[in-house]
Amino acid sequence: MSKEQAEREKQLAGEAAVSYIRSGMTVGLGTGSTVYYAIKKLGELVRDGLSIQGIPTSEQTHQLATNEQIPLIGFSQTTDIDITIDGADEINPQLDMIKGGGGALLREKVVASMSKETIIVADSSKLVTHLGKFPLPVEVTPFGWQTVAKKIKTLGVPVALRQQDEQILITDNQMYILDCHFGTIEDPSALESQLNNIPGLVINGLFINMATRVLIGENNIVKELIATDKGTP
Ligand code: 5RP
């Protein structure tokens, strides 16, 4: 797919998600280049009178939403979110996902866990049969990350400490990220639990049973997959 086509599909999906937002809602704001279009559209609607409050999943999204004049609240101000709109790096037919390519996985997972509905927006390249070709991000404490990496390597998986501009990447939560090259993940749910048992591993990028609705830009239309469709690609 060309870059232009991918961008068109992202815009279609991102903007379509906004039609689910109503005045009075608390809205989780995901991170990434697809959610970007949703936030820009939400900004237009807010300036036209839509009354919502957003919870951003990253400093980057905080900045974008602030520029769009979307009122924001923090994690200390609520435990409940009506709808979250977020992106994904891979989505399988069960609507399980790999997320965290943009490094915001910890806040994204907390926000998804607080949400009655989580709408995922993506271009059509994100749909896969099996998760794992995209390296699975895991967020780890800066101390002892080597131990976590060693444990994951014993599964036969190459692990890379994420870098940016030749420096170790530091997340919004002052943690590091390990990108784990699984190749194919046969049982995402089992792996999720296994990873959660490693001390020092703060969060992993497998989002299981979290998406309630997935909107995929495909050519010039938006394809909708809902959680009750589980198992149908
Ligand atoms: C950030 C994420 C993003 O949602 C994911 O990487 C998809 O981003 P994009 O829409 O730019 O492809 O999980 O941590």
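Where does the ligand sit? I looked this up first and found the ligand in the largest pocket, a pocket being, on a 1 Å grid over the protein atoms alone, an open set of points with protein on both sides within 12 Å along at least five of seven lines; a molecule sits in a pocket if more than half of its atoms lie within 2 Å of its grid points.

I noted that this is a predicted model, in which local features need pLDDT of at least 70, side-chain atom pairs count only at pLDDT 80 or more, and totals for chains, interfaces and linings use all residues. Residues are numbered from 1 along each chain as its sequence is written, and side-chain values use heavy atoms, with hydrogens and water left out.

I then checked polar contacts (N or O atoms paired within 3.5 Å). An oxygen atom of the ligand lies 2.9 Å from a polar backbone atom of T31, another entry puts a ligand oxygen 2.9 Å from a side-chain N or O atom of K99, and for a polar backbone atom of A104 I read 3.0 Å to a ligand oxygen. Taken alone the ligand exposes 380 Å², of which the protein buries 91% (Shrake-Rupley method, 1.4 Å probe).

Last, I looked at confidence: pLDDT, the predictor's confidence in each residue from 0 to 100, averages 96 over the protein, and 98% of the residues score at least 70.

Key: Polar contact = N/O pair within 3.5 Å; in protein donor to acceptor, adjacent residues only side chain to side chain. 1 Å grid on protein atoms, 1.4 Å probe; cavity = no way out; pocket = protein on both sides within 12 Å on 5 of 7 lines; lining within 4 Å.
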